[in-house]
Amino acid sequence: MEKKNLDWANLGFGYIQTDKRYVSNFRDGAWDAGTLTTDATVSLTECAGVFHYAQTCFEGLKAYTTSDGHIVTFRPDLNAQRMADTAARLEMPPFPKDRFIEAVQQVVLANEEWVPPFGSGATLYIRPYLFGSSAVIGVKPAEEYQFRILVTPVGPYFKGGARPLKLKVSDFDRAAPHGTGNIKAGLNYAMSLHAIVTAHHEGFDENMYLDATTRTRVEETGGANFLFVTKDNKVVTPKSQTILPSITRRSLMTVAKDYLGLEVEEREVYASELADFAECGLCGTAAVISPVGLVNDHGKEIRFPSGMEKMGPVTQQLYDTLTGIQMGRLKAPEGWIKVIK
Ligand code: PLP
Ligand code: COI
């Protein structure tokens, strides 16, 4: 097997069409057997539920080449579970969890030539998605659905790699109380587009969203959860019912506690206490851990002591340990690594 001739080290976070993708259809109340296909297009009725009422959701995970040449994924069972939880909230039939994991395996293997080599800095991003495919004109769930998985090789999510990010406290809300903030619905991202374009236009990399009720508590960004480090090295992450339960964040809390011996705390974090933290980072599959250098809260600039040049020391340790586990350099907790090949 020859790897594709790509400039792996300089990939951005973009879509590159690969050879095969997985497709399964839900009709007459059941999922079909599913198959791999070379057809990268989707053909649907003009009235499909996904188009008008945004009945769609997705997941994101990665395949890694380990130091000893295996191809692995990281905790795909948690993505399968989260997609099932999302589907239930959007009145969609969940794709069975064991089949989700099996399909991830099939599509990664079928695109082995696209899995970035160890040490290249790139990974294979895996994007499972599920949408209403039959016609609906009144507001109701579709009767038919399609589940697909595409893969694409990616580099860092944020331009500039590990350069600390500039965030602004957003004037828009990401999630309502009792809304859909805790699931991975496409609609959460549609409504964040204006906010992210506005932030970019003003020279920021991302938004820090606050809770919609009081506008005092830190929630998350458009595509990642927050981690903070206190001046006495405690790792703190916001507790909220309206943020996505990040698999990376949940894993990092274990890494901080069990691998680095740090104290960890999941609690409400107030925007007013930002200046008290020593380090701040964004964590997620795409973001991995991206350091935050400053947050602008309506003109008031909070600069973290870790600065604008590099990651803070604890963030760096968390990053090295997590990626060490994912790339096989460090022993993983039981069940975290699924070997594909
Ligand atoms: N928060 C949001 C809104 C996201 O889109 C993501 C990405 O999936 C995350 C957090 C991070 O979640 P995970 O670590 O499971 O990728
Ligand atoms: C991921 O991290 O996998 C996501 O889905 C976030 C998205 C903003 C790319």
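These notes cover two ligand sites and one helix in a predicted model.

1. **Ligand 1, surroundings.** There are 16 residues around ligand 1. Those that come nearest are Tyr189, Glu220, Ser246, Thr248 and Thr285.

2. **Ligand 1, polar contacts.** Start with the side chains. Tyrosine 189 places a side-chain N or O atom 2.5 Å from an oxygen atom of ligand 1. Glutamate 220 has a polar side-chain atom 2.5 Å from a nitrogen atom of ligand 1. The backbone takes part too: an N or O atom from the main chain of alanine 224 is 3.5 Å from a nitrogen atom of ligand 1.

3. **Ligand 1, cover and elements.** On its own, ligand 1 has 380 Å² of accessible area, and the protein covers 97% of this. Which elements give two or more residues to the shell around ligand 1? They are helix α6, residues 247-259, and strand β14, residues 277-284.

4. **Ligand 1, pocket.** The space that ligand 1 takes is the largest pocket.

5. **Ligand 2, surroundings.** The residues around ligand 2 include three aromatic ones, Phe58, Tyr125 and Tyr157. Arg127 and Lys184 are also there. Gly60, Gly223, Thr285 and Ala286 complete the list. Note Thr285: this residue is in the list for ligand 2, and it is also among those that come nearest to ligand 1.

6. **Ligand 2, polar contacts.** Which side chains have a polar atom close to an oxygen atom of ligand 2? Tyrosine 125 has one at 2.6 Å. Lysine 184 has one at 2.8 Å. From the backbone, a polar atom of alanine 286 lies 2.8 Å from an oxygen atom of ligand 2.

7. **Ligand 2, cover and pocket.** The accessible area of ligand 2 on its own is 280 Å², of which the protein covers 90%. The space taken by ligand 2 is again given as the largest pocket.

8. **Helix α2, length check.** Helix α2 runs over residues 76-89, 14 residues in total. At 1.5 Å a residue it should span 20 Å. The C-alpha atoms at its ends are 20 Å apart, so the expected and modelled spans agree.

9. **Helix α2, burial and exit.** Which residues of α2 are buried? They are Pro76, Leu78, Asn79, Ala80, Arg82, Met83, Ala84, Thr86 and Ala87. Arg82 and Asn79 are therefore worth a look in the viewer, being buried under the cut-off of 20% relative accessible area. Just after the helix, glutamate 91 takes a positive phi of about 55°.

Definitions and conventions. Residues are numbered from 1 along each chain as its sequence is written. Chains are lettered from A and ligands numbered from 1 in the order in which they are written. This is a predicted model: local features need pLDDT of at least 70, side-chain atom pairs count only at pLDDT 80 or more; totals for chains, interfaces and linings use all residues. Side-chain values use heavy atoms; hydrogens and water are left out. Helices (H or I, at least four residues) and strands (E, at least two) are DSSP runs, numbered from the N terminus. The expected span of a helix is 1.5 Å times one less than its number of residues. Buried means under 20% relative accessible area, exposed over 50%, partly exposed in between (1.4 Å probe, protein chains only). A residue is near a molecule or strand if one of its heavy atoms lies within 4 Å of it. A polar contact is a pair of N or O atoms within 3.5 Å; within protein, one must be able to donate a hydrogen and the other to accept it, and residues adjacent in sequence count only if both atoms are side-chain atoms. Accessible areas come from the Shrake-Rupley method with a 1.4 Å probe; for residues, only the protein chains shown count as cover. On a 1 Å grid over the protein atoms alone, a cavity is a set of points where a 1.4 Å probe fits but cannot get out, and a pocket is an open set with protein on both sides within 12 Å along at least five of seven lines; lining residues have an atom within 4 Å of a point. A molecule sits in a cavity or pocket if more than half of its atoms lie within 2 Å of its grid points.
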